[in-house]
Amino acid sequence: MATSPCSSSGVSSSSSSGLGADAGLEIRTRSVEQTLVPLVSQITTLINHKDKPKRSDKTLQAIQRVGQAVNLAVGRFVTVGEAIANENHELKEEMSVACIEARRAGETIAQLTDVASLDHPESDSHITIFTDKTGVVKAARLLLSSVTKVLVLADRIVIKQIITSRNKVLATMDQLEKVSSFQEFVQIFSQFGNEMVEFAHLTGDRQNDLKDEKKKARMAASRAVLEKCTMMLLTASKTCLRHPDCESARINKDGVFHRMRLALEQVIEIVTDSRPNGENEMAPISIYSGIKEFKNKVEGLRENLYFLSKENLSTMLEVILEHTEDFTDSAYTSHEHREHILELSKQAKMELEQLVSVWMQAQNQKTKDLMEDLEVAILKTCQCMNDLKREVHSAATSLAADLLKYHTDHMVLKALKITGVEGNLEAVAEYTCKLSEQKEQLVEMCRLLRHVSGTEPLEITCIHAEDTFQVTGPQIISAAETLALHPSSKIAKENLEVFCEAWESQLSDMSLLLREINDVFEGRRGEKRVYLSLPRPGKHNANLKALKPVKLDTEEQAKIAKLGLELHLLTSDVDSETEKWEDQENEIVQHGQGMSSMAYSMYLFTRGEGLLKTTQDLFHQAEIFATEGTKLASALHALSDQVHDDKPLLLLEAEKLISMCKQLQITAKASAQGKSATFTKVDACILKTRNVMTLLCQLLPLCCKLLRKTKAGNGCLKPAPPWKEDRIRTATNARTPERRVDTFGIKSLENHVTNMTFLESK
């Protein structure tokens with residue numbers, strides 16, 4: 001989702017200092033966002049410096065060094081922006097204004113930080129950062145806003161490149177469609193191939209740069225169509241030229257051109273963030289996304305009994321159950337799955353009725369008993385929805401697995417090739433009917449898989465797969481008919497081979513897609529990582545086989561729900577803290593992320609979800625979590641050797657962490673016999689994990705602060721690289737792939753802003 005600079009990751013740190021870029025500017029790409037991060041960090045450091053009565057020469061020199069570095073880097077940055085403006089007249093005025101503002105702001109910051117040579121930096125006779133902090137804030141805000149404008153304007157040039165490249169491809173396609181001789185076709189297709197390569201490079205870079213995962217998936221789908229269709233266009237066009245009076249050959253070729261034009265149009269929609277005729281994009285609604293939203297609303301009743309109406313909840317459930325009809329009405333859903341889905345749909349209505357009844361009573365009289373009844377009703381409703389989700393997942397994935405296994409031999413495609421070469425029109429007609437049936441099965445499979453895909457990118461991949469089967473099936477049929485009419489034609493035979501390969505390739509892709517969908521369902525990937533550290537038979541505790549796997553029942557889940565929710569919130573806090581670190585490979589960050597992932601899987605256990613299926617799984621996860629915490633403590637000891645300030649505090653916190661992790665390990669390894677004792681042990685493990693996560697939330701910002709101070713003390717400002725004039729050339733003048741890399745607008749600007757590094761004043 002496009003966001004304003006102040007709300008994007010890394011830029012948000014400026015908000016506490018009153019910084020903020022132009023709210024009207026939207027940042028849609030990672031390159032623009034990441035280019036701003038070091039600039040925001042540096043000017044935020046200047047503004048947040050500690051006002052101490054006595055300042056050492058070292059501190060004054062450091063402040064001045066930062067101010068000069070910002071000014072120099074902005075100067076180089078602006079030079080690049082001005083050069084881009086000169087080569088792109090439609091943006092020249094806007095770019096020039098932004099460059100002037102940035103240069104002025106950089107010079108102001110340099111003047112206000114010119115304090116190292118003054119005996120009394122806070123003297124009224126000389127305005128500095130110490131006497132006019134408001135002036136620094138204004139200059140910083142102007143700098144951030146103007147630099148963002150330059151970057152976003154440069155990004156427009158990249159978009160213009162892609163549009164220009166698309167237009168070239170379309171123009172050449174128009175020529176290819178009208179050619180009447182092989183010689184002319186070969187010449188134009190050679191040009192078309194080069195243009196498609198350039199378009200592929202540009203759109204590939206853009207796809208990798210997009211922040212929005214949904215748009216990234218749509219771009220990948222469109223590029224996949226263009227890649228496969230390029231070869232189809234070659235063989236279909238050659239077949240049409242060889243057999244100009246063949247209607248099936250013409251239909252085959254027209255289908256390829258039409259599909260390529262649609263894919264090209266979709267790429268432009270994505271990069272320009274627009275729809276034809278101002279239409280709004282209708283996001284497909286899946287059962288998974290509906291259940292997720294419904295459960296969030298239901299669970300929200302714990303915090304607020306009045307934030308939504310019972311009619312809203314009822315409507316949401318109705319929409320979900322309406323979508324389950326895609327399964328119950330499908331001819332390919334097994335009788336067993338259909339019956340289970342209908343039963344769970346009926347149960348979901350009953351659970352919601354009970355929930356609404358208790359909820360309405362709780363609104364009138366908030367007694368302890370009623371609140372406990374409400375908690376049980378919430379858990380039962382959510383559990384029913386989980387069961388429904390599990391059932392539709394099983395129905396869709398089992399159908400997909402069966403179909404993919406059944407069609408793995410490609411017997412129909414082989415038969416079409418053989419009967420086509422034989423010129424047997426009757427047999428070809430028979431097998432085209434079978435292929436049409438196969439197509440309907442696979443299309444239905446894609447529709448059902450979309451409901452259980454679990455993430456928006458995978459939903460889009462399912463839609464793309466459905467479209468591919470819908471389009472490729474008829475194209476194979478027209479290619480087979482052409483071959484049957486001209487059985488001795490080598491080009492017609494080659495054309496059929498190309499379309500059959502595309503079908504086989506899509507079937508192979510479906511196997512990978514099915515695996516990904518199952519991974520998301522099991523918690524092995526998706527919106528939140530889950531640490532995979534489950535016990536394997538024979539590899540861990542020798543007593544595992546003797547222990548009976550135990551799951552929490554609804555009543556136990558109700559008791560532990562609040563604790564689990566607290567753990568969930570703490571994982572979000574830890575993730576937020578780790579994202580603030582500049583060095584994501586730092587050992588402390590790595591251990592913190594691992595612990596957060598494990599804590600999240602333990603939270604899912606309290607809801608009856610995720611990879612931890614039994615209490616034994618949970619206890620083993622707690623042991624691994626404690627071990628990871630001990631490793632983190634070792635990393636904290638190593639950090640303490642590098643710092644001077646707050647060293648005793650850091651060592652004290654490290655020892656506290658070690659003690660807490662040891663206690664958690666003892667609890668996780670302790671034996672527990674009976675249901676009551678096992679639940680007490682579960683409760684203790686979750687509680688102690690929560691306490692460790694609370695400590696981790698305090699440790700991460702402390703360590704981050706100490707590391708910044710250490711860097712500042714070592715004078716870690718890097719000298720800016722020498723300015724190279726060829727960096728300012730824009731991609732609109734590029735002629736070769738080699739030059740295109742150097743002339744990518746954002747990249748050249750980025751090189752000069754990234755020289756601004758962290759410096760924490762002492």
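**Entry 1. Helix 9: length**

I take the expected span of a helix as 1.5 Å times one less than its number of residues. I applied this to helix 9, residues 310-328, in what is a predicted model. Its 19 residues should span 27 Å, and I find the end C-alpha atoms 27 Å apart, so expectation and model agree.

**Entry 2. Helix 9: its two sides**

I next looked up which residues of helix 9 are buried: L313, M316, L317, I320, L321, H323, T324, F327 and T328. They cover an arc of only 165° around the axis, and therefore they sit on the same side of helix 9. On the face turned away from that buried side I noted the exposed residues E318 and E322. I then asked which helices the buried residues of helix 9 pack against. I recorded helix 8 (287-300), helix 10 (335-364), helix 11 (368-406) and helix 13 (425-451) as the partners.

**Entry 3. The chain as a whole**

I counted 22 helices and zero strands in the protein chain. Of its 762 residues, 51% count as buried. I also checked how contacts are distributed along the sequence: among those between residues at least 6 apart, 79% join residues at least 24 apart. For the surface, I noted that the chain exposes about 35900 Å², of which carbon and sulfur atoms supply 51%.

**Entry 4. Salt bridges between helices**

I searched the whole structure for salt bridges and obtained 23. As background, side chains of opposite charge can pair when their charged atoms come close.

I examined the pair E82 and R103, whose side chains meet in a salt bridge at 3.2 Å, N to O. E82 belongs to helix 2 (residues 57-87) and R103 to helix 3 (residues 89-112), so the pair ties together parts that are 21 residues apart in sequence. Are these two residues buried or partly exposed? I find E82 partly exposed, with a relative accessible area of 31%, and R103 partly exposed, at 29%.

I turned next to E269 and R218, which form a salt bridge at 3.7 Å, N to O. This pair links distant parts of the chain, 51 residues apart, with E269 in helix 7 (residues 247-272) and R218 in helix 6 (residues 213-242). I recorded E269 as buried, with a relative accessible area of 12%. R218 is likewise buried, at 9%. The cut-off behind both assignments is a relative accessible area under 20%.

**Entry 5. A salt bridge within helix 13, and a network**

I looked up R447 and E444, whose side chains meet in a salt bridge at 3.9 Å, N to O. Both lie in helix 13, and because they are three residues apart, about one helical turn separates them. I noted R447 as partly exposed at 36% relative accessibility, whereas E444 counts as buried at 15%. I also found D174, E177 and R261 joined into one network by salt bridges that share partners.

**Entry 6. E299 in helix 8**

I closed with E299, which lies in helix 8, one of the helices against which the buried residues of helix 9 pack. At 17% relative accessibility, E299 counts as buried. Which residues does E299 touch, not counting residues up to four places away in sequence? I recorded I378, C382 and R607.

Notes
Residues are numbered from 1 along each chain as its sequence is written. This is a predicted model: local features need pLDDT of at least 70, side-chain atom pairs count only at pLDDT 80 or more; totals for chains, interfaces and linings use all residues. Side-chain values use heavy atoms; hydrogens and water are left out. Helices (H or I, at least four residues) and strands (E, at least two) are DSSP runs, numbered from the N terminus. Buried means under 20% relative accessible area, exposed over 50%, partly exposed in between (1.4 Å probe, protein chains only). The arc is that of the directions from the helix axis to the C-beta atoms. Contact means heavy atoms within 4.5 Å. Accessible areas come from the Shrake-Rupley method with a 1.4 Å probe; for residues, only the protein chains shown count as cover. A salt bridge is a side-chain nitrogen of Lys or Arg within 4 Å of a carboxyl oxygen of Asp or Glu.
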